[in-house]
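Reader: I would like a close look at a single part of this model, and then at how the rest is laid out around it. Please keep to positions, contacts and angles.

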Amino acid sequence: MSARMAVSRNVSLQGHVAIVSGGARGIGAAVALELARQGARVAVFDALSAGQTLADAASQGAVCKGWQLDISDEQAVEGAGAEVESALGPVSIVVAAAGVMPSGAVDSGIAQWRRVLAVNLDGARHLIAACYPGMAERGDGRIVLVSSVAARQGGLLAGAEYSASKGALVSLGRHVARNGAAHGVRCNIVSPGVIETDMNAHLPKPDPQTLPARRLGTPQDVAGPVAFLCSDRANYITGVEMPVNGGQLFYP
Ligand SMILES: NC(=O)c1ccc[n+]([C@@H]2O[C@H](COP(=O)([O-])OP(=O)(O)OC[C@H]3O[C@@H](n4cnc5c(N)ncnc54)[C@H](O)[C@@H]3O)[C@@H](O)[C@H]2O)c1
């Protein structure tokens, strides 16, 4: 067989079961719908009702179920993970997109610090802890953590705790990638630039004309790369932090 023929052409996620946190809206919803569109059976974990995402998936004939929970609650995540396996089958894909983004400096209070770390970082950890053992046992896991440009740039719109949580996600992802590689578990990180969602709707945003792509990002701009990283096409990619920012290397 020639090298050309040996390249996998399988971009389908048929047969996979995915958990997407934060899938009730924004980037997580776009990811959930993209994975479902590619054939995965998708479980959405969100503090909000995922009714709209589930309805959108159903209109595409896709399988998508919702679990309303607080991602920072370890027991809730563990319990829901077990329910997903019973309802949909063994989980092979996890996308951690749930997040909160308050503004504020490093002295904005320890309660806010702990809450943001609990949701953005602990939440991803709880998802991985719930799903990693099964993935490693079966030799098939694809994990994507949604970090942010703020991990590297310090966060202009976002607070100190947000930037710290997003930086820690990169380190967590690299650790999981390094240790999971021998067990068939890949873990990658995507770091979006400014994407227009409810999260930042109330905040001043850069003038699109000042950005290399002359536009802000959309949730769909992030969903495509995430689906690629979850696919067989990315079989030898792990531990990568992929910027998704339209060339917006430095903002402002
Ligand atoms: N929008 C951007 O510009 C941008 C840029 C870089 C990274 N991100 C990251 O992308 C991810 C998605 O953000 P978005 O812009 O779609 O925001 P969003 O606010 O539209 O969506 C976030 C989702 O996370 C859910 N969530 C929040 N706290 C939760 C909790 N405790 N338990 C369960 N679910 C919870 C929300 O209910 C919501 O559905 C976040 O991790 C965010 O930090 C966003």
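Author: Gln-209 sits in the loop that runs between strand E6 (185-192) and helix H8 (219-230); helices (H or I, at least four residues) and strands (E, at least two) are DSSP runs, numbered from the N terminus. Residue numbers start from 1 along each chain, following the sequence as written. The model is predicted, so local features need pLDDT of at least 70 and side-chain atom pairs count only at pLDDT 80 or more, while totals for chains, interfaces and linings use all residues.

Gln-209 is exposed, since 7 other C-beta atoms lie within 10 Å. On this scale a residue is buried if 20 or more other C-beta atoms lie within 10 Å of its own, exposed if 12 or fewer, and partly exposed in between, with C-beta atoms placed from the backbone. From Gln-209 to Glu-74, 135 residues apart along the chain, the C-alpha separation is 43 Å.

The loop between E6 and H8 also holds Arg-214. Arg-214 counts as exposed because 11 other C-beta atoms lie within 10 Å. Its backbone has a positive phi of about 60°, although Arg-214 is not a glycine. Most residues other than glycine have a negative phi.

On one side of the loop is strand E6, which contains Arg-186. This arginine is buried, with 23 other C-beta atoms within 10 Å. Leaving out neighbours within four places in sequence, Arg-186 is in contact with Gly-141, Arg-142, Ile-143, Ala-177, Gly-180, Ile-237 and Thr-238; two residues are in contact if their C-beta atoms, placed from the backbone, lie within 7 Å. Arg-152, 34 residues from Arg-186 along the chain, has its C-alpha atom 22 Å from that of Arg-186.

On the other side of the loop is H8, whose axis comes within 8 Å of that of H2 and crosses it at roughly 50°. Axes are lines fitted to C-alpha atoms, for helices over the stretch in contact, and angles run from 0 to 180 degrees between N-to-C directions. H2 is therefore oblique to H8; angles under 35 degrees count as roughly parallel, over 145 as roughly antiparallel, 65 to 115 as roughly perpendicular and the rest as oblique. H2 and H8 cross in a right-handed sense: a crossing is left-handed if the near helix is turned anticlockwise from the far one by less than a right angle, and right-handed if clockwise. From H2 the contact takes in Gly-26, Ile-27, Ala-29, Ala-30, Val-31, Glu-34 and Leu-35, and from H8 Pro-219, Gln-220, Val-222, Ala-223, Gly-224, Val-226, Ala-227 and Cys-230. Eleven residues of this H2-H8 contact are nonpolar, three polar and one charged. Here Ala, Val, Leu, Ile, Met, Phe, Trp, Tyr, Cys and Pro count as nonpolar, Asp, Glu, Lys and Arg as charged, and the others, Gly among them, as polar.

Leu-35 of H2 is buried, as 29 C-beta neighbours lie inside 10 Å. Apart from residues up to four places away in sequence, Leu-35 touches Leu-13, Ala-18, Val-20, Ala-40, Val-42, Ile-93, Ala-227 and Cys-230. The C-alpha atoms of Leu-35 and Ala-62 are 9.4 Å apart, with their positions 27 residues apart along the chain.

H2 (residues 26-37) also packs against H3 (residues 51-59), their axes coming within 10 Å and crossing at roughly 25°. H2 and H3 are therefore roughly parallel to each other. Their crossing is right-handed. Ala-29, Ala-32, Leu-33 and Ala-36 of H2 meet Thr-53, Asp-56 and Ala-57 of H3. Five of the residues in the contact of H2 with H3 are nonpolar, one is polar and one is charged.

H2 gives the most to the shell around the ligand, with three residues. In total 27 residues surround the ligand, and the closest are Gly-22, Gly-26, Gly-99, Thr-197 and Met-199; a residue is near a molecule or strand if its C-beta atom, placed from the backbone, lies within 6 Å of it. The shell around the ligand has 15 nonpolar, eight polar and four charged residues.

Glu-74 also belongs to another helix pair: H4 (residues 74-88) and H5 (residues 110-138) have axes that come within 9 Å and cross at roughly 35°. H4 passes H5 in a right-handed crossing. Glu-74, Val-77, Glu-78 and Gly-81 of H4 make the contact with His-126, Leu-127, Ala-130 and Cys-131 of H5.
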